[in-house]
Amino acid sequence: MKALVLERVERLSLRDISMDEVLGPRDVRIKLHSVGICGSDVHYYQHGRIGPFVVEASMVLGHEASGTVLETGSQVRNLKVGDRVCMEPGIPDPSSRPSRLGMYNLDPAVRFWATPPIHGILRPTVVHPADFTFKVPDNVSFAEAAMVEPLAVGMHAAMKARLKPGDVAVVSGAGPIGVVTALAALAGGCSRVIISDVQQPKLDLAASLGPITPVNAKEQNLQNVVADLTEGWGADVVFECSGNERAAAGVFSVLCPGGVVVLVGMPAQPIAYDVVAAQIKEARVEHVFRYAHVFPRALALMGSGKINVKPLITDRFPFEKSIEAFNFACKMPPTSVKAMIEMPQ
Ligand SMILES: [Zn+2]
């Protein structure tokens with residue numbers, strides 16, 4: 001089958017690759033429809049590694065995907081041929097200790113699409129466990145369904161925060177993950193999200209999505225804005241999505257007493273953590289790694305209209321132009337959020 005293959009650093013090709021996938025009794029075969037380009041795909045293309053994961057052999061890219069069920073295994077009951085679906089890209093070992101405890105995203109044996117050495121899904125079809133394949137509501141498009149994967153990170157962060165109705169949240173970073181975290185926070189009960197970044201077009205887009213106050217950190221002081229909007233109390237929740245060392249060091253300064261910080265962004269290096277600043281506020285600090293148990297919730301929120309990701313899908317490319325799409329994503333203009341590749345149908 002023809003796939004988008006990362007051969008090595010900075011070398012992509014659109015070529016035939018043999019992929020003998022056997023349909024197990026609890027699997028479905030899916031015809032891919034839409035695949036979003038993720039920062040991690042771009043990072044592997046440009047650098048060949050993310051932390052301990054190193055590209056050592058040719059690998060098909062892509063992990064944010066939706067499609068149509070072509071075939072079902074003999075024991076599959078929840079899906080049928082023709083269903084429109086999106087897929088959770090990480091497959092854990094169901095009998096591992098983290099999986100048995102419900103933390104399947106933390107299973108070290110998880111096989112995650114387009115994380116070396118596992119092939120991704122920029123190809124015509126894939127076989128996937130039915131347990132990690134979810135039916136998409138009729139009023140949600142394939143492109144939106146492919147956005148469930150990045151949205152799931154924001155959903156998981158919102159779950160970790162244990163939001164309460166009316167909470168005020170700060171999101172630092174208005175990239176794709178920052179924006180979906182803001183949407184998840186609002187859907188989860190936040191009355192307002194204050195989002196900070198240094199790129200004005202990203203802030204403008206975020207501000208158009210709901211009760212979201214943009215703060216350009218180059219021009220405004222985030223702490224003052226938060227103080228003004230909360231009568232000096234501080235934000236109930238801070239979602240650190242930038243991975244930026246300075247932003248991460250400042251999380252406690254905008255937090256209210258007893259508030260929670262969720263660290264979502266992945267800094268390139270270990271960062272300073274002000275223990276005393278956290279202690280003075282008895283801050284709770286949570287971390288997220290990918291997500292677990294949130295795909296059905298994300299789809300339900302999209303289906304009911306509580307979350308609209310359409311404005312985030314800014315650029316579309318046909319599969320034949322996927323190398324062009326990746327080169328575009330490497331130099332993404334600040335007005336773009338998500339580039340989507342559409343597979344031939
Ligand atoms: Zn992703």
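Here are a few worked exercises on a predicted model, covering helix packing, a cavity and some backbone oddities.

**Exercise 1. Work out how helix α4 sits against helix α10, and which residues make the contact.**

Solution. Start with the geometry: α4 covers residues 148-161 and α10 covers residues 295-304. Their axes lie 9 Å apart, and the packing angle is about 105°. Angles of 65 to 115 degrees count as roughly perpendicular, so α4 is roughly perpendicular to α10.

Next, look up who touches whom. On the α4 side you'll find Val148, Glu149, Leu151, Ala152, Met155 and Met159, and they meet Phe295, Arg297, Ala298, Leu299, Leu301 and Met302 of α10. Sort that contact by class and you get ten nonpolar residues, no polar ones and two charged ones.

**Exercise 2. Now take α4 with helix α5: find the angle class, the handedness and the contact residues.**

Solution. Helix α5 spans residues 176-187, and its axis and that of α4 come within 8 Å, crossing at roughly 50°. Roughly parallel needs an angle under 35 degrees and roughly perpendicular starts at 65, so α4 and α5 are oblique to each other. As for the hand, this crossing is right-handed.

For the contact, α4 brings Pro150, Leu151, Val153, Gly154, Met155, Ala157 and Ala158, while α5 brings Ile177, Val180, Thr181 and Ala184. The tally is nine nonpolar, two polar and no charged residues.

**Exercise 3. Do the same job for helices α1 and α11.**

Solution. Here α1 is residues 39-47 and α11 is residues 322-330. The two axes come within 10 Å and cross at roughly 95°, and that makes α1 roughly perpendicular to α11.

On to the residues: Asp41, Val42, Tyr45 and Gln46 from α1 meet Phe326, Asn327, Ala329 and Cys330 from α11. Classed up, that's five nonpolar, two polar and one charged.

**Exercise 4. How many cavities of 30 Å³ or more does the structure have, and which residues line the largest cavity?**

Solution. First, the idea behind the search: rolling a probe the size of a water molecule over the atoms shows where empty space is left. Searching the whole structure turns up one cavity at or above the 30 Å³ mark. The largest cavity has a volume of about 60 Å³.

Then go round its wall: Glu88, Gly90, Tyr104, Asn105, Val110, Phe112, Arg290 and Tyr291 form the lining. By class, the lining has four nonpolar, two polar and two charged residues.

**Exercise 5. Track down a cis peptide bond and a positive phi in a residue other than glycine, and place each one.**

Solution. Recall the background: most residues other than glycine have a negative phi, and most peptide bonds are trans.

For the peptide bond, check omega: it is about 5° between Pro116 and Pro117, a cis bond. Pro117 belongs to the loop between β10 (111-112) and β11 (125-129).

For the torsion, go to Glu231, with phi near 50°. Glu231 is in the loop between α7 (222-229) and β16 (235-240).

Terms used: Residues are numbered from 1 along each chain as its sequence is written. This is a predicted model: local features need pLDDT of at least 70, side-chain atom pairs count only at pLDDT 80 or more; totals for chains, interfaces and linings use all residues. Side-chain values use heavy atoms; hydrogens and water are left out. Axes are lines fitted to C-alpha atoms, for helices over the stretch in contact, and angles run from 0 to 180 degrees between N-to-C directions. Helices (H or I, at least four residues) and strands (E, at least two) are DSSP runs, numbered from the N terminus. Angles under 35 degrees count as roughly parallel, over 145 as roughly antiparallel, 65 to 115 as roughly perpendicular and the rest as oblique. Contact means heavy atoms within 4.5 Å. Ala, Val, Leu, Ile, Met, Phe, Trp, Tyr, Cys and Pro count as nonpolar, Asp, Glu, Lys and Arg as charged, and the others, Gly among them, as polar. On a 1 Å grid over the protein atoms alone, a cavity is a set of points where a 1.4 Å probe fits but cannot get out, and a pocket is an open set with protein on both sides within 12 Å along at least five of seven lines; lining residues have an atom within 4 Å of a point. Grid points are joined across faces, edges and corners, and a volume is the space filled by probe spheres set on the points. A crossing is left-handed if the near helix is turned anticlockwise from the far one by less than a right angle, and right-handed if clockwise.
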